[in-house]
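Biologist: I am new to this one. Can we go through it step by step, with the reasons behind each term?

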Amino acid sequence: MSALWTSDEIERATLGKASAPFEVKNLVLDSRKATAGSLYLAVKGENKDGHDFIASAFENKAAAALVHKPVDAAGPVLTVAHTQRALEDLARAARARSIAKVVAVTGSAGKTTTKEMLKLAFGALGKTHVSGASFNNHWGVPFSVASLPRDAAFAVFEIGMNHFGEIRGLVPLAKPHIAVITTIAPAHLEFFGNCDAIADAKSEIFEGLLLGGPALLPVDSPYCERLRTRAKQLGVTNILTFGSAACADGRLTHYEETAEGVRIRAEILGKAVDAVIGAPGKHIAANALAALTTVGVAGGDVVTAAAALKDFAALKGRGERIHAHGVEIIDESYNANPASMAAALALLAKAPGRKIAVLGDMLEMGPEGPALHAGIASHLASADLVFLCGALMRSLYDALPADRRHGYAVNSKELAPLVAAAVKAGDTVLVKGSNGSRMGAVIEAIKARAGG
Ligand SMILES: Nc1ncnc2c1ncn2[C@@H]1O[C@H](COP(=O)(O)OP(=O)(O)O)[C@@H](O)[C@H]1O
Ligand SMILES: [Mg+2]
């Protein structure tokens, strides 16, 4: 059976009713992404109701639609009581029928990177299914689990959160055999107040870990012991760590930056492995270590898994290198918090040519926001030019010595032309900020620079 779902199976899982029998190959939440064989899920979002896009899904050749309202449709519909609940039902059914070794990944940063590394690493060992993009919330997790092919040998799900109770609600859909926490850092501080609270919220992942399932913790994090205590309280008996400390079960023994990325050597559960990874940075090594330790714990061949990491390339908005008019742009526009800022600036410090930092606000930092922004000053010692935008970055601007302040604007749109006018061939430009700071505008302006 190659179909992801038949209408019979969906009816049984959701107690819904199909207007005609069908089979689907994949699920889509966006009608524009529907292709032949898709099941279009008409889910109600914050602003839009998926039921308004049924026609577009069928125009794109969707095989069927899942709905909870009467609709005019050009193809089969399966009607349920509520599409969001039905998606969760489908996730539970997908998980129940699966023979896959399931890994759940959470953490303040590095979830998607680690998940993508696991896609390569497990992919070298057997059929692997992973969450798409950063689908890690109340619709992303059920969507990813419900999309699990019945014959996958490995599955990796990213689980995110910005409030207490979120992971607790999501992890039972994934029912992981292995839980991984990549790192704990001040993200979403606005809601949590401090990192102890963030560590506790991430620890909810242990509540849904299958009995006896190992938990993997970041040994170099100051919150590792808190996570360990929390895991034990929640009945986890098998706790392993990854990082540089001598006691780590997955231990980094060598780190070297190369022209293409990094070369690492590690000892994974006592076995030495080498890996070449196509993206630079200590955080990349940390995530690779998390991934390889996970493979080791899952009983996979870590040497094969490590070799597969050579195909890892920096992800869009998370360190992807863009070349425009002889300028090397490091695109970190997807997100930012103090930990990832420090990691990215450390990389910029080693870049060739003039080093230009273009930074936008790190959002959701709570009352500590201005101080956390000002604190970035200590990581800017080797930047040649510094451009800043956003209300919070004003604190960093004020904290910089006058000779280091090269440009400030209230938003990225106004900063973009200043940066585009200043850069020249041979420069390396780091562009980083939270997604909401829209730093992509700066990259577009550099690319669009006339004549270059
Ligand atoms: N282990 C890590 N420690 C600190 N920062 C990291 C780590 N991994 C990634 N980052 C930073 O966080 C950004 C987002 O990475 P990503 O893997 O998308 O994280 P997430 O899915 O958790 O949001 C990256 O661009 C990088 O700057
Ligand atoms: Mg992510």
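Biologist: What makes Thr 112, Ser 134 and Glu 158 donors of the magnesium ion (ligand 2)?

Modeller: This is a predicted model, and the distances come from its atoms. A donor is an N, O or S atom within 2.8 Å of the metal. Thr 112 (OG1), Ser 134 (OG) and Glu 158 (OE) sit at 2.1 to 2.3 Å, so they qualify as donors.

Biologist: How are the donor residues of the magnesium ion (ligand 2) spaced in sequence?

Modeller: The pattern is T-x21-S-x23-E. Ser 134 is in the loop between strand S9 and helix H5, and Glu 158 is in strand S10, so the pair ties together parts 24 residues apart in sequence.

Biologist: Are Ser 134 and Glu 158 buried or exposed?

Modeller: Both are buried. That term requires under 20% relative accessible area.

Biologist: Why are the buried residues of helix H6 said to lie on the same side?

Modeller: Glu 166, Ile 167, Leu 170, Val 171, Leu 173 and Ala 174 are buried there. They cover an arc of only 150 degrees around the axis, which puts them on the same side of H6. Their cover includes helix H3, strand S8, H5, S10 and helix H8.

Biologist: What makes the approach of Glu 332 to ligand 1 a polar contact?

Modeller: A polar contact needs a pair of N or O atoms within 3.5 Å. A polar side-chain atom of Glu 332 lies 2.7 Å from an oxygen atom of ligand 1, so the pair counts. For the side chain of Thr 113 the distance is 2.5 Å, and for that of Asn 335 it is 3.2 Å. The protein covers 93% of the 560 Å² of accessible area that ligand 1 has on its own.

Conventions
Residues numbered from 1 in each chain as written. Chains lettered and ligands numbered in written order. Predicted model: local features only at pLDDT ≥ 70, side-chain atom pairs only at ≥ 80, totals over all residues. Heavy atoms only, no water. Donors = N, O, S within 2.8 Å, 3.2 Å for Na, K, Ca; no water. Helix = DSSP H or I, 4+ residues; strand = E, 2+ residues; numbered from the N terminus. Buried < 20%, exposed > 50% of the residue type's maximum accessible area, 1.4 Å probe, protein only. Arc of directions from axis to C-beta. Contact = heavy atoms within 4.5 Å. Polar contact = N/O pair within 3.5 Å; in protein donor to acceptor, adjacent residues only side chain to side chain. Areas by Shrake-Rupley, 256 points an atom, 1.4 Å probe, with all protein chains shown as cover.
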